[in-house]
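Here's a walk through one protein model, meant to be read with the structure open on your screen. Turn it around as you go and pick out the spots named below.

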Amino acid sequence: MIELFSIFTKGGVCLWNYQESDVNFTEAINNELIKGTLMEERGNNGQKKYGNYTMKFQLDNEYNVVFLVIYQTIVNLNYAEKLLGLVGDTFRNAFSESLRDETALTTPPSNIYSTFDDTFDSLLSQAAKSARATESIVKKPKSFQESAKSQKTIDSLIVSRPGHKKPDEKNQKSTEKSIKSAQIDSGSDSEYTSTSPPGSPDEEVLRRREEMFKKRIGGGGAKKKGEELSQTTSPKPKGKQARVWALSGKPSDLKSLDRSDQKENDDSAAAEEDNRFVESMKNQIGSLRGDLRSLKESDDEGEEEEETQTVVKQTGGWFGMLKGLVGEKKLSSEDLTPLVEKMRDNLIMKNVAAEPAEKICQSVVSKLEGKVVNNFSRTAQEVRTAVRESLVQLLTPKHRVDILRDVIEAKKEGRPYVIVFCGVNGVGKSTNLAKITFWLTENKHRVLIAAGDTFRAGAVEQLRTHTRHLNALHPQSVHLYEQGYGKDAAGLAAAAIKIAAERDFDVVLVDTAGRMQDNEPLMRELAKLIRVNEPDLVLFVGEALVGNEAVDQLVKFNEALANHAAPGQKPRLIDGIVLTKFDTIDDKVGAAVSMTYITGQPIVFVGCGQTYADLRNLNVGAVVNSLLN
């Protein structure tokens, strides 16, 4: 009945084997049991199906030994678990010294385990006998004298018939009913005098019932039916009353939030809203003509002189590690190690990812090692200069993206300039797309926005609102191409590009749905959109708040674009970065360093506010100063 019983180590060494059939179970043990179950560590005891066979096993974690029994599934081997327990206990007790030897568990076994054959036969017989003994135990039925039916009499059967009651019981219940009705109708406090003998159970029941009725009527007589009806039919407030909070204003203010009125949704209301928006933005019209301004316009030379004076006075922070490195001493890597560790912690604290922070520290050590310093101020200036050079080198992109120039070149070729925006959820792709649209319309370019986010609820409506506001600022300069929700984004973008070419639009901005970098189906869809439409620029929109997460996002996005590129063609990766929410991070500007280090691509735009005019270029000097301070 047993096909195989095997004892082997977790290292794959078979210690003892018992087999009755000629079936080779090596593949089943290796693939199904070891790889599919044991390596996943699903438990110490378990069962596994393999074709027409069942494998039951037991793990011994003390000696790293596995006990396995295999039998045909059609055979109900009810003593398999008992056999595993008996064999496991006996084998451990008999060969405990050998099993403690770790070398014995990784080398082919010797003949010491061959003596277990006879022991196994006896254990197998013992387990089988115990199973047969268990099966032979049949529950013996009770005799008639032992059953509950024999205890019943004719009187009990008559009394227990449904609908039949004793005469005394009838009289008792009718008496109780009359007492209850009399007390409720008359409201009297008269006590009922029972005909039962004092101290009997019936007398106690009646007494307690009378006390309950007195409590129910309150001891002062029953209420009139008219009063009861008036109370039961009194009006109650329907529904839950709205609570008015102290700072929420009057309840009538809720009408201003109601958008269901048709008058509020007509064209005149939209025109009034656009007029209010234009009035609030009229001072910013024309502010973004030409190249974008940098985040912080300043005189770099004057700043550098002030920084040098500040460093001389500075004794705390990571520059305080330099106080011991004076006195015509040549700097070594051992001298710079405390400084580098402190500098690395400072960079990571300002949202620089661990990998670029380590790269900057190594660059500083290579620039300073071997230099001779004579005073603290000179040492601090040398260190600061080395750090600045490393940061500037890291933040300087491999190439410069000049969108205005490229748009003019594309117009000469008779085609629109296409930009695709991608990124994770909630980073501000649609909002910053509208800011870039405003910048392009400021420079006299006609823009077609493709509503490629066909998944998020409200995404198309958001772009409609942006389009209406942008046209209020620059009439007939922005158009929206949409197909609703649930459509293929790649086909929608292709149709938008075709329409833009036919109607002489200068730029096509393709909005896409936000997606996490680990969502493989959505990343494949994004790669398809870029592969099919071949945009001029692929911009990754990322938050300035993320830190190390920026590294993972950019790496996964680039990997997805490379893995799903067309065969035989060079993969199209991310060309530039849009850094959003830059106004919320104070001096923690490390995300700019992390993103530029990973891709080597420039940060093309920086979003730093809530209006359309809050769009800037990245000022490398300002970022470096924030990291050094």
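## Ground rules

One term first: two residues are in contact when they have heavy atoms within 4.5 Å of each other. Also keep in mind that this is a predicted model.

## The big picture

The protein has 629 residues, and buried ones make up 40% of them. Its secondary structure comes to 21 helices and 15 strands. The accessible surface is about 36400 Å², with 50% of that belonging to carbon and sulfur atoms.

How much of the contact list joins residues 24 or more positions apart? Taking the contacts with a separation of 6 or more, such pairs account for 72%.

## Thr580 and what it touches

Thr580 sits in strand β13, which covers residues 576–580. Is Thr580 buried or exposed? It counts as buried, because its relative accessibility is 1% and the cut-off for buried is under 20%.

Once you set aside the neighbours within four places in sequence, Thr580 is in contact with Val427, Gly428, Asn432, Val541, Gly542, Glu543, Ala544 and Gly607. Asn432, one of those contacts, also makes a handy landmark for Gln610: the two are 178 residues apart in sequence, yet their C-alpha atoms are 9.6 Å apart in space. Gln610 belongs to the loop between β14 and β15 (615–616), and at 80% relative accessibility it counts as exposed.

## Ala450 in strand β9

Next, find strand β9, residues 447–452, which is home to Ala450. This residue is buried, with a relative accessible area of 0%. Beyond its neighbours within four places in sequence, Ala450 is in contact with Tyr481, Leu492, Ala496, Leu509, Val510 and Asp511.

Val420 is another reference point here: it is 30 residues from Ala450 in sequence and 9.5 Å from it in space, C-alpha to C-alpha.

## Helix α19 and its cover

Helix α19 runs over residues 548–563. Its 16 residues should span 22 Å at 1.5 Å a residue, and the end C-alpha atoms are 23 Å apart, so the two agree.

Which residues of α19 are buried? They are Ala550, Val551, Gln553, Leu554, Phe557, Asn558, Ala560 and Leu561. As a reminder, an α-helix has 3.6 residues a turn, so residues three or four places apart point the same way. The cover over the buried residues of α19 includes β8 (417–422), α18 (520–533), β12 (537–543), β13 and α20 (590–599). Strand β13 is the one that holds Thr580.

## Helix α12 and its surroundings

Helix α12 takes in residues 354–368, 15 in total, and reaches 21 Å from its first C-alpha to its last, close to the 21 Å expected at 1.5 Å a residue. Its buried residues are Pro356, Ala357, Ile360, Cys361, Ser363, Val364, Val365 and Leu368. Leu368 can be paired with Thr385: the two are 17 residues apart along the chain, and their C-alpha atoms are separated by 9.9 Å. Thr385 itself lies in helix α13 (residues 376–395) and counts as partly exposed, at 32% relative accessibility.

After α12 comes Gly370, with a positive phi near 95°. In the loop between α11 (333–349) and α12 you'll find Asn351, which has a positive phi of about 75° although it is not a glycine.

## Another positive phi

Most residues other than glycine have a negative phi. Gln476 is not a glycine, but its phi is positive, about 55°. The residue lies in the loop between α16 (459–473) and β10 (478–481). Gln476 is exposed, with a relative accessible area of 58%.

## The largest pocket

How big is the largest pocket in volume? About 420 Å³. It is lined by 20 residues, and the closest to its centre are Arg400, Val401, Ile603, Val604 and Asn617. Two elements give two or more residues to the lining: α14 (403–412) and β14 (603–607). The largest share, 3 residues, comes from β14.

As for chemistry, the lining divides into 13 nonpolar, 4 polar and 3 charged residues. If you follow the chain on from β14 towards β15, you come to the loop that holds Gln610.

Methods
Residues are numbered from 1 along each chain as its sequence is written. This is a predicted model: local features need pLDDT of at least 70, side-chain atom pairs count only at pLDDT 80 or more; totals for chains, interfaces and linings use all residues. Side-chain values use heavy atoms; hydrogens and water are left out. On a 1 Å grid over the protein atoms alone, a cavity is a set of points where a 1.4 Å probe fits but cannot get out, and a pocket is an open set with protein on both sides within 12 Å along at least five of seven lines; lining residues have an atom within 4 Å of a point. Grid points are joined across faces, edges and corners, and a volume is the space filled by probe spheres set on the points. Helices (H or I, at least four residues) and strands (E, at least two) are DSSP runs, numbered from the N terminus. Ala, Val, Leu, Ile, Met, Phe, Trp, Tyr, Cys and Pro count as nonpolar, Asp, Glu, Lys and Arg as charged, and the others, Gly among them, as polar. The expected span of a helix is 1.5 Å times one less than its number of residues. Buried means under 20% relative accessible area, exposed over 50%, partly exposed in between (1.4 Å probe, protein chains only). Accessible areas come from the Shrake-Rupley method with a 1.4 Å probe; for residues, only the protein chains shown count as cover.
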